[in-house]
Amino acid sequence: MTDNKRIGILLVGYGAPTDCSHLAIKKFCKEMLFDRGLMFGSRIVWWAKVRFGMLQEISDEYTKSLQTLWPQGDFPEWPALNTLCQQLELRLGGSEAVKVVPATCYGGHAIIDALRQLRSSNCGRVVVLPLFPQASYSTTGIVKQRVKSAQRHLHWNVPLRFVDDYHDNQAYVCALAASIEHAGFNAQRGDKLLLAYRSIPTDDIEKGDDYELQSGSTSLYIASELGLSRESWTMAFFAKPYDVRQYLGPYARDVAKRWGQYCDDRMFIVCPGYATECIRTQYYVKHTLKEIFAEYRELKGQPEELEQQFVYVPTLGKTRAHLKVLTNVLTPYLEEE
């Protein structure tokens with residue numbers, strides 16, 4: 001296969017700080033909060049809110065979380081992305097057919113550098129897969145903006161195709177359902193399932209973002225695949241306490257309180273919108289939500305019992321199941337247009 005027939009594939013994740021120092025974490029948070037795709041209202045007012053409050057608050061939150069989980073800075077997202085890229089390249093025909101490279105929206109792995117790598121590999125067209133199964137303005141939308149901006153900067157007019165979302169992909173739904181069952185979930189014994197997603201500003205929904213509908217659709221597909229009755233599961237979103245806008249609810253913390261206080265059943269939580277482990281899944285779910293659940297279930301000081309009652313279902317990460325999902329998602333986009 002000649003070089004100009006080679007297809008470039010760009011896998012884009014969210015990102016993480018370059019290390020666990022407070023300076024690196026603050027730089028990461030600053031890059032994220034000053035992203036024009038996340039700003040709203042007057043830029044001057046937004047700058048003031050971030051500079052004199054939000055930046056310090058979120059930097060402190062990230063510092064506490066990241067230094068607790070990964071004090072050496074060995075964040076799991078980037079190794080998982082690298083592994084997925086290597087395996088996908090082999091699965092999709094080898095380096096002569098495709099070139100698969102990773103990038104992140106924020107942190108030290110810029111999209112423009114990944115595009116340079118694809119250009120140096122003489123790719124004739126590029127497929128961009130944002131690793132956000134449910135698309136939103138603040139995730140997939142930002143990926144699109146950054147890819148197009150980088151392409152203009154590089155003066156590289158290669159044809160681009162974007163995978164907008166894969167919230168209803170059958171392979172994706174089946175893989176998540178299988179991971180939930182593998183974690184031990186059993187509705188017949190009364191287990192409860194929480195499907196938790198990242199939240200988005202409600203004003204984005206009013207502007208036409210259908211992320212809420214996609215999240216609901218994914219939840220319904222998973223529940224159907226597992227054969228669940230409606231009282232066995234619910235969906236919720238992670239709150240954004242550092243932002244001044246109204247965010248989409250209901251919130252996962254409220255479900256943890258309610259199920260901890262009023263239910264005697266085991267609580268399983270899965271995060272369908274996260275392709276790999278990150279601070280949200282590893283700290284907020286496995287620490288913050290678990291502590292809330294333990295308090296209302298009166299399980300503080302009983303770690304073994306808590307582990308049995310509050311069960312986190314890992315993300316698909318760098319598993320073979322995830323590789324199969326991404327292959328299934330990408331294959332239609334590799335065909336000649």
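This passage describes the parallel sheet of a predicted model, the helices packed on that sheet, and the salt bridges of the structure. Because the model is predicted, local features require pLDDT of at least 70 and side-chain atom pairs count only at pLDDT 80 or more, whereas totals for chains, interfaces and linings use all residues. Residues are numbered from 1 along each chain as its sequence is written, and side-chain values use heavy atoms, with hydrogens and water left out.

Four strands form an open sheet in the order E2-E1-E3-E4, with parallel pairing; strands (E, at least two residues) and helices (H or I, at least four) are DSSP runs numbered from the N terminus, and two strands are taken to pair if DSSP finds at least two bridges between them. Strands E2 (98-107) and E4 (160-162) stand at the edges, each with a single partner strand, so one side of each has no neighbour in the sheet. On average, neighbouring strands are turned by 25 degrees against each other, direction ignored, where axes are lines fitted to C-alpha atoms (for helices over the stretch in contact) and angles between N-to-C directions run from 0 to 180 degrees. Strand E1 (residues 7-16) is joined to E2 by nine bridges, and Gly15 has Tyr106 in E2 as its bridge partner. Helix H1 packs on the sheet by touching E1 and E2, its direction making about 95 degrees with that of E2, contact being defined as heavy atoms within 4.5 Å. Helix H5 likewise packs on the sheet, touching E1, E2, E3 (125-130) and E4, and its direction makes about 170 degrees with that of E4.

The structure holds six salt bridges, each defined as a side-chain nitrogen of Lys or Arg within 4 Å of a carboxyl oxygen of Asp or Glu. One of them joins Glu31 and Arg146 (3.6 Å, N to O); since Glu31 lies in H1 (residues 22-33) and Arg146 in H5 (residues 140-154), the pair ties together parts that are 115 residues apart in sequence. Glu31 is partly exposed at 29% relative accessibility, as is Arg146 at 26%, where buried means under 20% relative accessible area, exposed over 50%, and partly exposed in between (1.4 Å probe, protein chains only). Asp113 and Arg116 meet in a salt bridge at 2.8 Å, N to O, and are separated by about one helical turn, being three residues apart in helix H4 (residues 111-120). In the salt bridge between Lys290 and Glu307 (2.7 Å, N to O), Lys290 is buried at 13% relative accessibility, whereas Glu307 is partly exposed at 49%. Arg189, Asp191 and Arg266 are linked in a network of salt bridges.
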